[in-house]
Amino acid sequence: MGKVTGFLEYDRKDEGYIAPEERVKNYKEFTVPLEEADLKEQGGRCMDCGIPFCHSGCPLGNLIPDFNDAVYKGRWKEAATILHATNNFPEFTGRLCPAPCEEACVLGINADPVSIENIEKNIVERAFDEGWVVPQPPQKRTHKSVAVIGSGPSGLAAAQQLNRAGHTVTVFERDSKVGGLLRYGIPDFKMEKNVIDRRLAVLEGEGITFKTNTYVGQTISVEKLQNEYDAIVLCGGATLRRSIPIKGAHLKGVYQAMDFLKQNNERQDGITEWDEAIVATDKNVIVIGGGDTGSDCIGTSNRQGAKTVTNFEILNRPTIERPTEQPWPYYPMRLRTSSSHKEGVERVFSISTKEFVGDASGNLTGLITSEVEWVTNDNGRRELKELPGTEKEWACDMAFLALGFTGPEKTLIDQLHLDTDMRGNVKATSYATNVPGIFTAGDMRRGQSLIVWAISEGRQAAHHVDAYLMGSSQLPLKDEDSDLPRR
């Protein structure tokens, strides 16, 4: 390592933030980058730890000590090359990943872990600024063609890898712009959409074709694609949203979180016409669900000028420290406070929504909750128990359901007669489905997961598609992780 004792000499430093009262006035990113000297020191904190567990913590297998060392020595172009060797889109993961690599950092056992994610983000931003990220089309074509359905991170990663192998790749996207949930699920204040657009320009320069407003299975038949392409990769994600089957769920004012977030992103992109505008201005907002999507609803509601914002979570309040049953280097489920939480919200844990309350016109006016606790039954399983006498009615004009996703949509699954697993995801062995020439990757295969898993899945699938088309593949392949449980 460039600074063997760096972890003893330098404290962790993270990028700064514009003050909450200022940043909620717009939807721009609000981080304040570190100075280059500070970034070099942060790279120097990476230990000569012998076995870098960050490698296993990262689903992409990023070469973290290598690019940290390069940053410490000021070799930014070398760092960018190392980073892109395993990660097609570090500008996405550097903004959106929950950094399981940092939870697996050896330094994190008894000190603050290395700020890996921020270093990664600064490497790729430096690479774009310096003009090092340029299209690299393949030197020759194979005369094989591949259709990728879905333009989220798994679809984009699969497309770039397959294009690098020389295949002619077309990506089909049912929305009007490319990006999937990156485009329509992630608020602009977490990632402005020019970050997607500049990478798309690189992919198009490499020869990848994108077809938007094309809903495979509806506006174009899957049989047509099977006839025209040598292989198809399904990267449609896990987009079936979980709801709450309780009284009043039909009331006007109860919305799925993704409908709210997508509409707001469209609004920032200049779209202003919908069947119904979902706006939190001057509303008492309750967000049901304590994950990242719920956090995004909180940040968006505050920017729209909500009167109050409250966040419900059915689980117990996590501990700040790592739980004893989730030892290092596993990813711990501990209390996480996002930048959106810091912008203003009341967080309520161990609470269950029992009923939505409305007026005579069918508008949401409130909801009824009960406090709950999680107990261990005789079989050793945790189950939910409602606490008697804890019912409470809350004033609420708008409720967002941020409860996660139950699996992929069934349109293509049914039309292609694909096998599914017990959770409804597309079943695949080495990313190949039961239908010859049809592959799948990302959330559609493994269920709702992280952006790093999506990119990893796309890269892995591309290797197997290439081998199917050509008999073997030179595309990189990690140790197979297809059967590892998701976080």
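# A guided tour of the predicted model

Select Ser430 to begin: this residue lies in the loop between helix 16 (411-416) and strand 18 (438-440). The model on display is a predicted one. Ser430 is not a glycine, yet its phi is positive, at about 50°. Its relative accessibility is 31%, so Ser430 counts as partly exposed.

Extend the selection to Tyr431, which is placed in the loop between helix 16 and strand 18. Tyr431 likewise has a positive phi without being a glycine, here of about 70°. Is Tyr431 buried or exposed? With a relative accessible area of 0%, Tyr431 is buried.

**The whole chain**

Zoom out to display the complete protein, which contains 18 helices and 18 strands. Its radius of gyration is 23 Å, close to the 23 Å given by the globule rule for 487 residues, so the protein is as compact as a globular protein of that length. Taken along the principal axes, the box filled by the C-alpha atoms is roughly 65 × 60 × 55 Å. Colouring by accessibility will show that 52% of the 487 residues count as buried. A contact map would add a further view: of the contacts between residues at least 6 apart in sequence, 68% join residues at least 24 apart.

**Helix 12**

Next, select residues 194-205, which form helix 12. This helix has twelve residues, and the distance from its first C-alpha to its last is 16 Å, close to the 16 Å expected at 1.5 Å a residue. Show the side chains of Val195, Ile196, Arg199, Leu200, Val202 and Leu203, which are buried. They cover an arc of only 155° around the axis, which puts them on the same side of helix 12. An α-helix has 3.6 residues a turn, so residues three or four places apart point the same way.

What covers the buried residues of helix 12? The covering elements include helix 6 (76-84), helix 7 (90-96), helix 9 (116-129), helix 10 (153-164), helix 11 (181-184) and strand 5 (209-211). Before leaving this region, select Gly207, which follows helix 12 and has a positive phi, near 110°.

**Val148 in strand 3**

Move to strand 3 (residues 145-149) and pick Val148 within it. Val148 has a relative accessible area of 0% and is buried. Add Val171 to the selection: the two residues are 23 apart along the chain, and their C-alpha atoms are separated by 4.7 Å. Leaving aside residues up to four places away in sequence, Val148 touches Gly155, Ala159, Val169, Thr170, Val171, Phe172, Val233 and Cys235.

**Aromatic pairs**

Now display the aromatic side chains; the whole structure holds nine aromatic pairs. Start with Phe260 and Phe400, whose ring centres are 4.0 Å apart and whose planes meet at 15°, so the pair is stacked. The two rings link distant parts of the chain, with Phe260 in helix 14 (residues 257-268) and Phe400 in strand 16 (residues 398-401), 140 residues apart. Phe260 and Phe400 are both buried.

Turn then to Phe312 and Trp394, an edge-to-face pair with 5.0 Å from centre to centre and 65° between the planes. This pair also links distant parts of the chain: Phe312 belongs to strand 10 (residues 308-313) and Trp394 to strand 15 (residues 392-395), 82 residues apart. Phe312 is buried, as is Trp394.

Select Tyr17, Phe30 and Phe189 together to see one aromatic cluster. Keep Phe189 in view and add Arg303, which lies over the face of the Phe189 ring at 3.9 Å from the ring centre. For another charge over a ring, select Arg174 and Tyr215: the charged end of Arg174 sits over the Tyr215 ring, 4.9 Å from its centre.

**A cis peptide bond**

The last stop is the bond between Trp328 and Pro329. What kind of peptide bond joins Trp328 and Pro329? The bond is cis, with omega at about 5°. To place Pro329 in the fold, trace the loop between strand 10 and strand 11 (346-349), where this proline is found.

Conventions
Residues are numbered from 1 along each chain as its sequence is written. This is a predicted model: local features need pLDDT of at least 70, side-chain atom pairs count only at pLDDT 80 or more; totals for chains, interfaces and linings use all residues. Side-chain values use heavy atoms; hydrogens and water are left out. Helices (H or I, at least four residues) and strands (E, at least two) are DSSP runs, numbered from the N terminus. The expected span of a helix is 1.5 Å times one less than its number of residues. Buried means under 20% relative accessible area, exposed over 50%, partly exposed in between (1.4 Å probe, protein chains only). The arc is that of the directions from the helix axis to the C-beta atoms. Contact means heavy atoms within 4.5 Å. Rings of Phe, Tyr and Trp (its six-membered ring) pair if their centres lie within 6.5 Å; planes under 30 degrees apart count as stacked, over 60 as edge-to-face and the rest as tilted. A charge sits over a ring if NZ of Lys or CZ of Arg is within 6 Å of the ring centre and within 35 degrees of the ring normal. The radius of gyration is taken over C-alpha atoms; the globule rule is 2.2 Å times the number of residues to the power 0.38.
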